[in-house]
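Subject: Structure handover

Hi,

Here is the structure for you to take over. Please open it next to this note.

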Amino acid sequence: MKFLVFKKETLLFFVAIGVVLFSLSAWFMLKAGDITVFNQQGSKDIREIHMVTAEFSTKLKNGKEMEAYRWDPGTVFLEKGEKVRLFISGINGEEHPFYIEGTKIKGTVKKGEETVVPLQFEKEGTYRLICEVHSDRSHNGPMIAYIVVD
Ligand SMILES: [Cu+2]
């Protein structure tokens, strides 16, 4: 009789351990699932790159003024297929209408405003982000940024 009671208690003990282990593993699995979902929905998948429009200007001894507009940074690096949001803030210069060579992407960066350009390149290469009004030295440029994809 005493032996049977002991056996019952032992059984209950193992059942209790089992319940605790099951609960713990279920909790860990649910928690892991939550983290995965969070990563997929978060902004982690789309990298942000921030750029500004900048201006160099100087006054020569003869009183002549010179200036040059730039995208800053002038070179950005992307992985092939990577999703990126390019934020361009208009700091110097009233307006910079631009296009990205070899793509249909175009837009305008205005002073005091932020232009968001979604980027994703399936082909490796160097793509030039060109300002149409400051495209070369004779137009106060070259205002060209290089998007390097590999
Ligand atoms: Cu420009």
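Below are the findings on the sheets, the core and one residue.

First, the ground rules. This is a predicted model, where local features need pLDDT of at least 70, side-chain atom pairs count only at pLDDT 80 or more, and totals for chains, interfaces and linings use all residues. Numbering starts from 1 along each chain as its sequence is written.

**Sheets**

Strands here are DSSP runs (E, at least two residues), numbered from the N terminus. Two strands count as paired if DSSP finds at least two bridges between them.

One open sheet has 4 strands in the order β2-β1-β4-β7, and its pairing is mixed. Its edges are β2 and β7 (114-119), each paired on one side only. On average, neighbouring strands of this sheet are turned by 20° against each other, direction ignored. The axes behind such angles are lines fitted to C-alpha atoms, and angles run from 0 to 180 degrees between N-to-C directions. β4 and β7 run antiparallel, joined by 6 bridges. F87 stands opposite V116 in β7.

Another open sheet has 5 strands, ordered β3-β9-β8-β5-β6, again with mixed pairing. Here β3 and β6 (106-110) are the edge strands, each pairing on one side only. The average turn between neighbouring strands of this sheet is 25°, direction ignored. β5 (residues 95-100) and β6 run antiparallel, with 5 bridges between them. E95 has K110 in β6 as its bridge partner.

**Core**

The largest nonpolar core has 19 residues. Such a core is a set of buried Ala, Val, Leu, Ile, Met, Phe, Trp, Tyr and Cys residues joined through C-beta atoms within 7 Å. Buried means 20 or more other C-beta atoms within 10 Å of a residue's own; exposed means 12 or fewer; partly exposed is in between; C-beta atoms are placed from the backbone. L78, L129 and I147 have the most contacts inside this core. β2 (65-72), β4 (84-89), β8 (125-131) and β9 (144-149) each give two or more residues to it. The largest share, 4 residues, comes from β8.

L129 touches W71, F98, I100, I144, A145 and I147, leaving out residues up to four places away in sequence. Contact means C-beta atoms, placed from the backbone, within 7 Å.

**V76**

V76 is in strand β3 (residues 75-78). Why is V76 partly exposed? Because 19 other C-beta atoms lie within 10 Å of V76. V76 touches I49, A145 and I147, not counting residues up to four places away in sequence. I49 is 27 residues from V76 along the chain, with their C-alpha atoms separated by 8.1 Å.

Best wishes

Key:
Two residues are in contact if their C-beta atoms, placed from the backbone, lie within 7 Å.
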